[in-house]
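Hi,

Here is the structure I promised to pass on. Have a look at it first, and then read my notes underneath.

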Amino acid sequence: MFAVMKDTNYAVKQTFIENFFTDWRKILGKNHIIKKFELCDFTPIYEWHLREKEKKKQMTTEEKKALREEKLKQEEKYMWAVVDGVKEKVGNFRVEPPGLFRGCGEHPKMGKLKRRIQPSDITINIGKGAPVPECPIPGECWKEVKHDNTVTWLAFWNDPISKKDFKYAFLAASSSLKGQSDKEKYEKSRKLKDHIQTIRDNYTKDFISKDVTKRQIAVATYLIDKLALRAGNEKDNGEADTGGCCTLKVDNVTCISPNKLQLDFMGNTVEIEELVCKAIECFHAGKKAGAALFDKLDTTTLDAHLNDLMPGLTAEVFRTYNASITLDGILHEETEDGTLLEKIDVYQRANKEVAIICNHQCCVSKSHDAQMSRVNEKIDKLKGRMDELKVDLSKVMEGRSLGNYKDGKPKRNLAPEIGHLTKSTCRIEKKISTLESKIEKMEIDKKIKEDLKTAALGTSKIKYLDPRITLSWCKRHEVPFEKS
DNA sequence: GGTTGAACTTAGTATATCGCAA
DNA sequence: TTGCGATATACTAAGTTCAACC
């Protein structure tokens, strides 16, 4: 497990190594010859792993296909569950295999061994009288078989890394159960549309409330609405150190008077209301680094307040609402009668805008730099060609010969006689202008690529954009749904 | 009224697959 | 046909919410 991770940056992190070695030594036992991590050479195992990977890569398409079909055949019987008489797809029917825990950020438990899950760890939830799924390991049995029809999970086990956490087997996202709850989510966010003006008026008033708690609630709601922050629950020590709105520390937030704000986990400074800036400066006063910005606030308090404003309103609803309405707005404003590609481009840009609002990030891809320099090369080449054309143009203007190409062949003289001057300069000029727009387009593409190297579009599309907005736009503008 | 914990949603990453241009 | 980049999917960690409990 460790050797396979040799080329990741986990393998060089002290916490990761320490946690890994502690757990490994437990397995090795006190008297084992292996005592020091530094003396272990994992290279042979790593090289074996690389060879196996290469073997897999070398397989022909048919071999891969056969393998896939064989796997599918074996899994078929685990892929479905009958719920209220309807066959539904199961999301995850495999337990998490053993491995080394990979937490996000500087997680204190990274590298710990995630042990194998046994049938005796697993609780099954099925209908009363339904046949109990056969335990796949002979001689072992399930921890428990329950018949709870008030929950949607099919099975669960305790997370071996964080004992108090559970891992569940649920139905797939395409199941009617998940679809139904998705629909309810989007209906709720549509309902917010009818309340949003009142809510915004309300918190704007409270920016200057004498009551500190009220003022903190107002500013927190504003940040959630305006910057699409997530709620920010308290977490135990021993978990990843990340934060949302309610857990903001004074050092996460810098005010730039009179109306700008810098959040350390977001790239740019953002423009905010001056009164919000003043309020935040006030919340800062007298606090040391590491202190909570909203000391009078937690998610329970905040959600209670939101629930008063609109039944069922929570912090997350603002994100869904703002994401979906942004998509709708951009699609309405910017879609023009154009080619299919142009329409899809509008959709993409709207999607990207939403991803930026929701701060959906990803790592820069390994090949990003290489891709960029390839684009740069292409642009340079085109620019070189452009310079040549310009020289040609001036020569033609002066009635001179164009000379030869590098390979010695004479350049096609576009204007052998002065009489054709206008026509030939036109042709060169036209070439120059198409080249110009080509370069321009590439420069724009390059900029977009660079700007969005850390933006992930998938999450907002699946979790925050009401599919009905996309569907109706597709219908209106004759774009096939699967292209959006 | 605050705390805890169960259940469920959201998020990011590794990997597989797709689709298009060279 | 191939190889690359874009896109989809699988996986699992991290987060939210709500209700039970004390």
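**What I found**

In β11, the bridge partner of Lys-260 is Glu-271. Keep in mind throughout that this is a predicted model.

That pair is a good way into the first sheet. Lys-260 sits in strand β10, which covers residues 260-263 and is joined to β11 by 3 bridges, with the two strands running antiparallel. The whole sheet is open and has 3 strands, in the order β9-β10-β11, with antiparallel pairing. At its edges you'll find β9 (253-256) and β11 (269-271), and each of these pairs on one side only. If you ignore direction, neighbouring strands here are turned by 30 degrees against each other on average. Now look for helix α6, residues 274-284: it lies across β9 and β10 and runs at about 130 degrees to β9.

There is another open sheet to find, this one with 4 strands. Its order is β6-β5-β7-β8, and the pairing is mixed. Since β6 (144-146) and β8 stand at the edges with a single partner strand each, one side of each has no neighbour in the sheet. Neighbouring strands in this sheet are turned by 20 degrees on average, again with direction ignored. Try zooming in on β5 (residues 123-125), which pairs with β6 in the parallel sense over 3 bridges. There, Thr-123 stands opposite Glu-144 of β6.

Next, the helices. How do the axes of α4 and α8 cross? Helix α4 spans residues 176-206 and helix α8 spans 315-334; their axes come within 9 Å and cross at roughly 90 degrees. That makes α4 roughly perpendicular to α8. On the α4 side, the residues making the contact include Tyr-186, Leu-192, Ile-196 and Arg-200, and on the α8 side they include Val-317, Phe-318, Tyr-321 and Ile-325. Taken together, the residues of this contact divide into 8 nonpolar, 4 polar and 4 charged.

Then there's the DNA. Which residues are closest to DNA strand B? Of the 20 residues that surround the strand, the closest are Arg-68, Phe-166, Lys-178, Ser-181 and Arg-319. By type, the surface near the strand divides into 8 nonpolar, 5 polar and 7 charged residues. At least two residues of that surface come from each of β8 (166-169), α4, α8 and α12 (458-463), and α4 gives the largest share, with 3 residues.

What part of the DNA lies within 4 Å of the protein? Of the atoms of DNA strand B within that distance, 88% belong to sugar or phosphate, and the rest belong to bases. A few spots are worth clicking on:

- Lys-178 has a polar side-chain atom 2.6 Å from a phosphate oxygen of DNA strand B.
- Thr-152 uses its backbone: an N or O atom there lies 3.1 Å from a phosphate oxygen of the strand.
- Tyr-464 places a polar side-chain atom 2.8 Å from a sugar or linking oxygen of the strand.

One last stop is Ala-456, in the loop between α11 (421-451) and α12. Its C-alpha atom is 6.5 Å from that of Ala-355, although the two residues are 101 residues apart along the chain. Leaving aside neighbours within four places in sequence, Ala-456 is in contact with Ala-355, His-360, Gln-361 and Cys-362.

Have fun exploring!

Notes
Residues are numbered from 1 along each chain as its sequence is written. Chains are lettered from A and ligands numbered from 1 in the order in which they are written. This is a predicted model: local features need pLDDT of at least 70, side-chain atom pairs count only at pLDDT 80 or more; totals for chains, interfaces and linings use all residues. Side-chain values use heavy atoms; hydrogens and water are left out. Two strands pair if DSSP finds at least two bridges between them. Axes are lines fitted to C-alpha atoms, for helices over the stretch in contact, and angles run from 0 to 180 degrees between N-to-C directions. Contact means heavy atoms within 4.5 Å. Angles under 35 degrees count as roughly parallel, over 145 as roughly antiparallel, 65 to 115 as roughly perpendicular and the rest as oblique. Ala, Val, Leu, Ile, Met, Phe, Trp, Tyr, Cys and Pro count as nonpolar, Asp, Glu, Lys and Arg as charged, and the others, Gly among them, as polar. A residue is near a molecule or strand if one of its heavy atoms lies within 4 Å of it. A polar contact is a pair of N or O atoms within 3.5 Å; within protein, one must be able to donate a hydrogen and the other to accept it, and residues adjacent in sequence count only if both atoms are side-chain atoms.
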